[in-house]
Amino acid sequence: MSRYRINPGELRHIITIQKLNNSQNEYGEVLEVWEDILNVRAGIYPISGKEFFAAETVNSQITHKVKIRYIKGLTPNMRINFNNRIFSIESIINFQEKNFELQLLC
């Protein structure tokens, strides 16, 4: 039986995962505020060329793949903040279905 391990040298970036939170101000207006959930180490890899991910009728351009350790509860409606750059999570892949590594297509 082989054990799957993540090379820690690949996770050299620190990213912040954010979740959209709706709140109301004193006038009753709904405000969309992105709340920081947690900071994790990640590997960020630009995808060469133009690859598209078809979601029903809307085509979203995938420009980066982000590799992180497995986090339970991560959803595609969250986003990543890295050095004041915002990456929208389009798809989440549980690599080899072993709950060790997630690959986020952003």
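Accessible areas are those obtained by the Shrake-Rupley method with a 1.4 Å probe. On this basis, the accessible surface of the chain in this predicted model amounts to about 7,500 Å², with 48% of that area belonging to carbon and sulfur atoms. Of the 106 residues in the chain, 34% count as buried. The secondary structure consists of seven strands and zero helices, and the order along the sequence is accordingly written β-β-β-β-β-β-β. Among contacts between residues at least 6 apart in sequence, 51% join residues at least 24 apart.

The interior was examined first through its nonpolar residues. The largest nonpolar core comprises 17 residues, and those with the most contacts inside it are Ile 15, Val 66, Ile 68, Ile 80 and Leu 104. Two or more residues of this core are supplied by each of strand E1 (13-24), strand E2 (30-55), strand E3 (58-69), strand E4 (79-82) and strand E7 (101-105). The most is given by E2, which provides three residues. The surroundings of Ile 15 illustrate how this region is assembled: with residues up to four places away in sequence not counted, Ile 15 touches Leu 38, Asn 39, Val 40, Ala 42 and Ile 44, and also Val 66, Ile 68, Ile 80, Asn 81 and Phe 82. Val 66, Ile 68 and Ile 80 thus appear both among the contacts of Ile 15 and among the core residues with the most contacts inside the core.

Polar side chains also occur in buried positions. Gln 18, located in strand E1, has a relative accessible area of 5% and is therefore classed as buried, the limit for that class being under 20%. The side chain of Gln 18 forms a polar contact of 2.8 Å with the side chain of Asp 36 and another, of 2.6 Å, with the side chain of Arg 79. Apart from neighbours within four places in sequence, the residues in contact with Gln 18 are Trp 34, Glu 35, Asp 36, Ile 37, Met 78, Arg 79, Asn 81 and Ile 86. Asp 36 and Arg 79, the two polar partners, are therefore included in this contact set, for which the criterion is heavy atoms within 4.5 Å.

Asn 81, one of the residues in contact with Gln 18, lies in strand E4. Beyond its neighbours within four places in sequence, Asn 81 is in contact with Ile 15, Thr 16, Gln 18 and Ile 86. A polar atom of the Asn 81 side chain lies 3.4 Å from the backbone nitrogen of Asn 84. Asn 83 is placed in the loop between E4 and strand E5 (85-88). The phi angle of Asn 83 is near 50°, a positive value in a residue other than glycine. With a relative accessibility of 62%, Asn 83 counts as exposed, because the threshold for that class is over 50%.

A second buried polar residue, His 64, is situated in strand E3 and has a relative accessibility of 13%. The side chain of His 64 makes a polar contact of 2.9 Å with that of Thr 63. Although His 64 and Tyr 45 are 19 residues apart along the chain, their C-alpha atoms are separated by 5.6 Å. Neighbours within four places in sequence aside, the contacts of His 64 comprise Ile 44, Tyr 45, Pro 46 and Ile 47, together with Arg 85, Phe 87, Leu 104, Leu 105 and Cys 106.

Two of these contacts, Leu 104 and Leu 105, belong to E7, a strand covered on both faces. Glu 101, Gln 103 and Leu 105 on one side, and Leu 102 and Leu 104 on the other, are all buried. E7 is largely enclosed by the rest of the structure, because five of its five residues are buried. Strand E7 runs antiparallel to E6, and four bridges join the two; Asn 94 has Leu 102 in E7 as its bridge partner.

The hairpin of E6 and E7 has six residues between the strands, and Gln 96 within that hairpin adopts a positive phi near 55°. Asn 99, found in the loop between strand E6 (91-94) and E7, likewise has a phi near 55°, a positive value in a residue other than glycine. The relative accessible area of Asn 99 is 42%, and this residue is therefore partly exposed, a class lying between the limits of 20% and 50%.

Notes
Residues are numbered from 1 along each chain as its sequence is written. This is a predicted model: local features need pLDDT of at least 70, side-chain atom pairs count only at pLDDT 80 or more; totals for chains, interfaces and linings use all residues. Side-chain values use heavy atoms; hydrogens and water are left out. A nonpolar core is a set of buried Ala, Val, Leu, Ile, Met, Phe, Trp, Tyr and Cys residues joined through side-chain atoms within 4.5 Å. Buried means under 20% relative accessible area, exposed over 50%, partly exposed in between (1.4 Å probe, protein chains only). Two strands pair if DSSP finds at least two bridges between them. A polar contact is a pair of N or O atoms within 3.5 Å; within protein, one must be able to donate a hydrogen and the other to accept it, and residues adjacent in sequence count only if both atoms are side-chain atoms.
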